[in-house]
Amino acid sequence: MVAATTSDAVLPNTGGTVLSVLRKPSVLPGFGLTLGFTLTYLSLIVLLPLAALALKAAGLGWSGFWDAVLTPRVLAAFKVSFGLSLAAAAVNAVFGFIVAWVLVRYRFPGDRIVDALVDLPFALPTAVAGIALSALYAPNGWIGSLLMEWFGLRVAFTPLGIAIALTFIGLPFVVRTVQPILQDLPPEEEEAAAALGATRWQSFRRVVFPALLPALLTGFALAFARGVGEYGSVIFIAGNIPGLSEIIPLLIVIKLEQYDYAGAAAVGVLMLMASFMLLLALNLLQAWMRSRHAR
Amino acid sequence: MAIQVSGITKQFGTFRALDAVDLEVRSGELLALLGPSGSGKTTLLRIMAGLEFADSGSLLLNGEEALSLTPRERQVGFVFQHYALFRHMTVFDNVAFGMRVRPRGQRPTSTEIKRRVMELLELVQLAHFADRFPAQLSGGQRQRVALARALAIEPKVLLLDEPFGALDAKVRKELRRWLRKLHEDIHITSVFVTHDQEEALELADRVVVMSQGRIEQVGSPAEVYDRPASAFVYEFLGQVNRFDCVVADGVARTANGALSIPADGTVRGPAIAYVRPHDLGLSPCAAGPGRVSGIHVVGPDARIEIDLAGLPLEAEMDRERLSALGLRPGDQCAVHIARARVFPQP
């Protein structure tokens with residue numbers, strides 16, 4: 001309800017004092033209309049549900065809220081969710097970058113097919129991905145049995161399995177954010193570096209990579225955000241042992257099944273805040289990097 | 001350092017960009033590669049720099065075969081039309097780049113790099129902008145940074161690809177003068193590519209006129225302008241009036257007989273005659289064959305369009321002379337040709 005009243009306060013004032021403060025003179029039309037639409041839309045789709053969530057959690061009271069979230073089980077789930085999402089996003093940043101590099105820089109037979117394959121994790125129902133991955137990595141699965149035999153490594157039903165599932169679903173984000181920027185990178189800058197005496201590696205490290213870093217960071221942030229919220233693929237491969245391989249979304253579902261709606265909302269709110277802080281930090285870092293060369 | 005190009009050929013698919021080109025760049029000179037787009041001038045420059053690979057031929061830098069060398073080993077400074085500055089680096093870091101990427105043993109100390117960069121920025125008059133990013137500079141300033149960056153590696157040759165092409169007219173002129181002066185000060189062998197004949201004639205010690213992957217003529221600006229070796233060079237360097245004509249007994253006559261032009265003895269039969277607008281004289285004459293169809297005044301000069309029995313001509317003279325003649329649009333006039341060049345019909 002909070003959200004609805006803010007948008008009401010702005011809308012009737014189109015062109016009036018509220019907007020004239022926000023608005024700089026511009027020939028682009030439709031500022032009032034589009035801003036009003038944006039605020040209404042965001043209120044209905046994003047802010048309203050989130051506000052309802054916060055409201056539900058507020059029913060617990062201040063101390064009740066902290067009692068609900070500061071339990072060892074919840075904290076452990078936070079560590080698993082955020083730690084593994086960051087790890088998976090980092091892995092994706094490295095390998096997604098390489099995939100994007102190969103797709104943009106080299107022509108090879110079947111490159112279009114590889115390009116299309118990258119999007120599959122988007123399209124596949126996550127539960128299907130989870131079942132497929134756990135079948136592969138289970139101790140009796142194709143890959144799992146080999147890993148077990150050679151390295152004594154257990155993947156499925158451990159945190160490592162979660163990391164693999166999160167890496168799978170996060171890959172397209174990095175590839176699809178880096179790809180267009182790499183595509184548009186003017187070849188002259190690399191030629192200039194070569195003419196100035198830089199080796200291939202030096203021109204990559206000092207010229208190409210810094211130009212791609214903001215995009216890479218965006219991809220990283222998106223993959224991370226997706227990983228934190230992921231549910232379907234993880235629960236099949238995680239084993240879901242409380243305190244070890246239990247993720248926050250699952251914990252929330254468990255609380256819901258126990259009719260602990262307020263507790264579930266509290267965990268949800270905390271998760272929301274943590275995610276928001278991290279994404280905000282990443283965005284600020286990016287804005288700072290952009291400001292360094294776009295004026 | 002001298003550059004010797006011999007028999008360089010380069011093919012892009014079915015398009016022959018360079019066709020067995022021979023060229024010598026003398027040590028210390030400022031040479032212009034002039035030609036229309038697609039004439040192969042940029043390709044030749046990029047082959048000299050090692051940014052493009054020749055299909056055949058040889059390239060000697062200071063007497064040493066260089067085609068197999070990487071750009072890094074050739075030590076040439078290259079300046080791009082669109083500057084190609086590193087966007088995420090400050091002006092200082094851009095200029096320092098070439099020194100910082102040297103192998104550890106040859107890399108100057110950071111104080112030495114700082115001294116050298118500031119010296120170069122002083123030279124291009126941008127010392128105050130060391131901490132700016134390229135996006136915060138104007139086009140002319142960016143190109144000067146690019147030049148300082150290229151000079152920082154102490155290149156033996158400076159290669160410039162349409163260095164003023166992306167700048168507006170006034171800045172272009174300033175930068176041109178400035179480059180000429182810089183070259184007089186440091187005397188580095190320099191080759192620049194341009195499609196602007198005025199730029200080539202004003203700036204270069206020698207001009208190489210190229211067309212369709214071949215060199216049409218090499219010579220001083222006065223030579224190529226006054227004694228063009230081919231019809232192409234004549235047409236490319238400045239405005240021309242062109243007549244299809246037939247030469248007999250040392251006189252070229254246009255098909256409709258409106259004009260006869262003295263031709264030198266070497267040409268016979270069907271030919272093309274060229275007359276520069278400022279070599280075309282006019283005088284008021286009520287019975288004259290020409291009619292003034294339009295007059296355009298451009299600064300101190302006047303361009304007069306003449307209709308000579310259906311043949312459009314352009315004459316050029318200063319405004320005072322025009323008002324002395326008293327010609328107005330619609331007047332009849334006589335046409336005199338002070339100088340013409342006649343080339344055989346290809």
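**Chain contacts and architecture of the predicted model**

In this predicted model, 21 residues of chain B are in contact with 19 residues of chain A. On the side of chain B that touches chain A, at least two residues each are supplied by α2 (71-74), β6 (76-79) and α3 (91-100) of chain B. By residue class, the side of chain B that touches chain A divides into 13 nonpolar, four polar and four charged residues.

Chain B contains 10 helices and 20 strands, and its C-alpha atoms fill a box of roughly 80 × 45 × 35 Å when taken along the principal axes. The chain is divided into domain 1, which covers residues 3-233, and domain 2, which covers residues 239-344, and the C-alpha centres of these two domains of chain B lie 40 Å apart. Of the 346 residues in chain B, 43% are buried. Among the contacts in chain B with a separation of 6 or more, 65% are accounted for by residues 24 or more positions apart.

One of the sheets of chain B is an open sheet of six strands with mixed pairing, in which the strands follow the order β6-β7-β8-β3-β9-β10. The edges of this sheet are occupied by β6 and β10 (214-219) of chain B, and because each has a single partner strand, one side of each is left without a neighbour in the sheet. From one strand to the next, the twist averages 15 degrees. At the β10 end of the strand order, strand β9 (residues 206-211) of chain B is joined to β10(B) by five bridges, the two strands running antiparallel; within this pairing, M210(B) has I215(B) in β10(B) as its bridge partner. Helix α5 (residues 139-151) of chain B lies across β6 and β7 (157-161) of chain B, and the helix runs at about 170 degrees to β6(B). Strand β6(B) is thus named both as an edge strand of this sheet and among the elements that supply residues to the side of chain B that touches chain A.

A further open sheet of chain B has five strands in the order β13-β12-β11-β14-β20, with antiparallel pairing. Here β13 (260-262) and β20 (341-344) of chain B stand at the edges, and since each has a single partner strand, one side of each is left without a neighbour in the sheet. Neighbouring strands of this sheet are turned against each other by 40 degrees on average, direction ignored. Within the sheet, strand β11 (residues 241-248) of chain B pairs with strand β12 (residues 251-254) of chain B over four bridges in the antiparallel sense, and V246(B) is found opposite R253(B) in β12(B).

Helix α1 of chain B, formed by residues 41-49, has nine of its nine residues buried, and it is therefore largely enclosed by the rest of the structure. The buried residues of α1(B) include K41(B) and R46(B) as well as L44(B), L45(B), I47(B) and M48(B). The helix is followed by G50(B), for which phi is positive, near 90 degrees.

Chain A is likewise divided into domain 1 (2-58) and domain 2 (65-293), and the C-alpha centres of domain 1 of chain A and domain 2 of chain A lie 32 Å apart. Between them, five residues of domain 1 of chain A are in contact with eight residues of domain 2 of chain A. The side of domain 1 of chain A that touches domain 2 of chain A comprises four nonpolar residues, no polar residues and one charged residue.

Definitions and conventions. Residues are numbered from 1 along each chain as its sequence is written. Chains are lettered from A and ligands numbered from 1 in the order in which they are written. This is a predicted model: local features need pLDDT of at least 70, side-chain atom pairs count only at pLDDT 80 or more; totals for chains, interfaces and linings use all residues. Two strands pair if DSSP finds at least two bridges between them. Axes are lines fitted to C-alpha atoms, for helices over the stretch in contact, and angles run from 0 to 180 degrees between N-to-C directions. Domain bounds come from an automatic or database domain assignment. Two residues are in contact if their C-beta atoms, placed from the backbone, lie within 7 Å. Ala, Val, Leu, Ile, Met, Phe, Trp, Tyr, Cys and Pro count as nonpolar, Asp, Glu, Lys and Arg as charged, and the others, Gly among them, as polar. A residue is buried if 20 or more other C-beta atoms lie within 10 Å of its own, exposed if 12 or fewer, and partly exposed in between; C-beta atoms are placed from the backbone.
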